[in-house]
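Thanks for making the time this morning. I would like to walk through one model with you, going from its sheets to its annotated positions and then to its aromatic rings.

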Amino acid sequence: MTESLYRDHLATLQARYEKAMQHYQIDAIVLASGDKSYYFQDDHTVPFHAYSGAQQWLPFSLVAETYIVVQAGKKPRLVWPVRDDFWHAPNPVPAGEWQTEWEISPARKDDKWFSSLPTKCAWLGPQPPAFATKVEGLNAYVDFAKAIKTPFEINAIRLATKRAVKGHRAAKEAFLAGMSELEIHLAFLSASQQTAAQEPYPGIVGINNHAAVLHYEHKDPNRSARPLTLLIDAGASEHGYASDITRTFVRHDDEFSALVDSLDKMEQGLAHQARSGVDYRTLHQDTLTGVAHILNEHKICHLSPEEQMAKGIPQVFFPHGLGHLLGLQVHDVGGFQVDEAGTVRKDDNAPFLRLTRTLEENMVVTIEPGLYFIPMLLEKMQASIPQHGCDLSLIERFKPYGGIRIEDNVVVQDERPINLTRNEFQLDNPLS
């Protein structure tokens, strides 16, 4: 961590929250990391993830029952949980230069640390207590600003990308060596130096037709007799910030690998368009048009791209949205907001699109087009779209491959976007 980046980041957050307090006429905001939750009728906890609003303030992963108090003109205050506990490892306050920017108050669960808070005190996070002032719109107000990342946040996402790229390279090698989905996932975790519980989202590892399941949940321990493709969608975290990367690897140089090459070229073109002032909904529509061109070019659909768009053919092969905001959460907050007041804009023509904002400098977004051979959607197409123009025999040949998704993490800029993912793949292996 570069100390100057963190100091500047903290100053930006302080200014944002002071603006919010002035706007809503409140004297303090408490951000709560949240409490641990337990599985039903069990003493085993669900893996803990801190509330992103609290996590944003600290350069390390927050634990449960941590609180941050923000007031105008004062250092932020960190209320750190102290436990008398011989069941678990000690939980000391992390050392580092970051402490100079904070007032740190250790507190036990039954301490009345909140008794000194101002009367007009708002609460952000799970389970607001009775003393908190209810402030309608405050959450949306601070969420809207989270979309614009500070240099500290962009660097954290870059570091998370770097770790994930190492995992993707290891996954590719494991796939080419004939390993199972489970073995490939373990190779990814080892190379990216994390456990499954530490992943920002459960990694997707699909071989062959499993690649046609968009959120494939399983990790088959059995090796495939004839592995053709691997779709791996997996990331890593740094200081609580996520990377979200997908690659599709193939074993053979054939008609399906040519499809992968075409989608990869299209994806890079879309990433280059992630500039300030661009409506992300327009990028999504460009993706549908691009998919139509690929379907026509590879003889999967004989209709022209214009005819395909009119009939909704591209959505059969690309049913999800182009991407989303990325940050403390994989699907970062504020993707549908168009202002600080929390006004929401969705796209009826793209119901699964998670980002409908106009792009601004230093947003970080994912660009993740796909092309899949999903039996359910293909059956619906045949039943509901007359004269669809698709070559069903060719589609049958492609079904065993499952599908393709390629996803990069991109920093929006005024002129030339920064593709964090491509940059790290090149740095990790300059000859690739």
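**The three-stranded sheet**

Let me begin with an open sheet of three strands, whose order is 11-14-15 and whose pairing is antiparallel; strands and helices here are DSSP runs numbered from the N terminus, with E over at least two residues for a strand and H or I over at least four for a helix, and two strands pair if DSSP finds at least two bridges between them. Its edge strands, each pairing on one side only, are strand 11 and strand 15 (418–419).

Before going further, I should say that this is a predicted model, in which local features need pLDDT of at least 70 and side-chain atom pairs count only at pLDDT 80 or more, while totals for chains, interfaces and linings use all residues. Residues are numbered from 1 along each chain as its sequence is written, and side-chain values use heavy atoms, with hydrogens and water left out.

Strand 11 (residues 364–367) and strand 14 (residues 408–411) run antiparallel and are joined by four bridges, with Thr366 standing opposite Asn409 in strand 14. Strand 14 is in turn joined to strand 15 by two bridges, again antiparallel, and there the bridge partner of Val411 is Ile418 in strand 15. Helix 6 (residues 255–272) packs on this sheet and touches strand 11, strand 14 and strand 15, its direction making about 160° with that of strand 11; contact means heavy atoms within 4.5 Å, and the angles, which run from 0 to 180 degrees, are taken between N-to-C directions of axes fitted to C-alpha atoms, for helices over the stretch in contact.

In a regular strand the side chains alternate between the two faces of the sheet. In strand 11 both faces are covered, since Val364 and Thr366 on one side and Val365 and Ile367 on the other are all buried, where buried means under 20% relative accessible area, exposed over 50% and partly exposed in between, with a 1.4 Å probe and protein chains only.

**The annotated positions**

Which residues does the UniProt annotation "binding site" cover? The record, an unreviewed entry, gives Asp233, Asp244 and Glu407, and I would add that UniProt positions are in the numbering used here, that feature names are shortened, and that annotations may be inferred rather than shown by experiment. These residues span 175 residues in sequence, yet no two of their C-alpha atoms are more than 8.2 Å apart, so they gather at one spot.

Asp244 is placed in the loop between strand 9 and strand 10 and, at 3% relative accessibility, counts as buried. Leaving aside neighbours within four places in sequence, the contacts of Asp244 include Asp233 and Glu407, and also Thr366 and Asn409, the residues that stand opposite each other across strands 11 and 14.

Thr246, in strand 10 (residues 245–250), counts as buried at 0% relative accessibility. Not counting residues up to four places away in sequence, Thr246 touches, among others, His168, Asp233 and Glu407.

**The five-stranded sheet**

A second open sheet, of five strands, has the order 4-3-2-1-5 with mixed pairing, and its edge strands are strand 4 (103–107) and strand 5 (121–124). The twist averages 20° from one strand to the next. Strand 3 (residues 77–81) pairs with strand 4 in the parallel sense over five bridges, and Leu78 stands opposite Ile104 in strand 4.

**The aromatic rings**

How many aromatic pairs does the structure hold? There are 17, counting rings of Phe, Tyr and Trp (its six-membered ring) whose centres lie within 6.5 Å, with planes under 30 degrees apart called stacked, over 60 edge-to-face and the rest tilted. The rings of Phe86 and Trp87 have centres 5.4 Å apart and planes at 35°, so this pair is tilted; Phe86 counts as exposed at 72% relative accessibility, and Trp87 likewise at 69%.

Phe152 and Tyr241, by contrast, form an edge-to-face pair, 6.5 Å centre to centre with 85° between the planes. Phe152 lies in helix 4 (residues 151–176) and Tyr241 in strand 9 (residues 241–242), so the pair ties together parts that are 89 residues apart in sequence, and both residues are buried.
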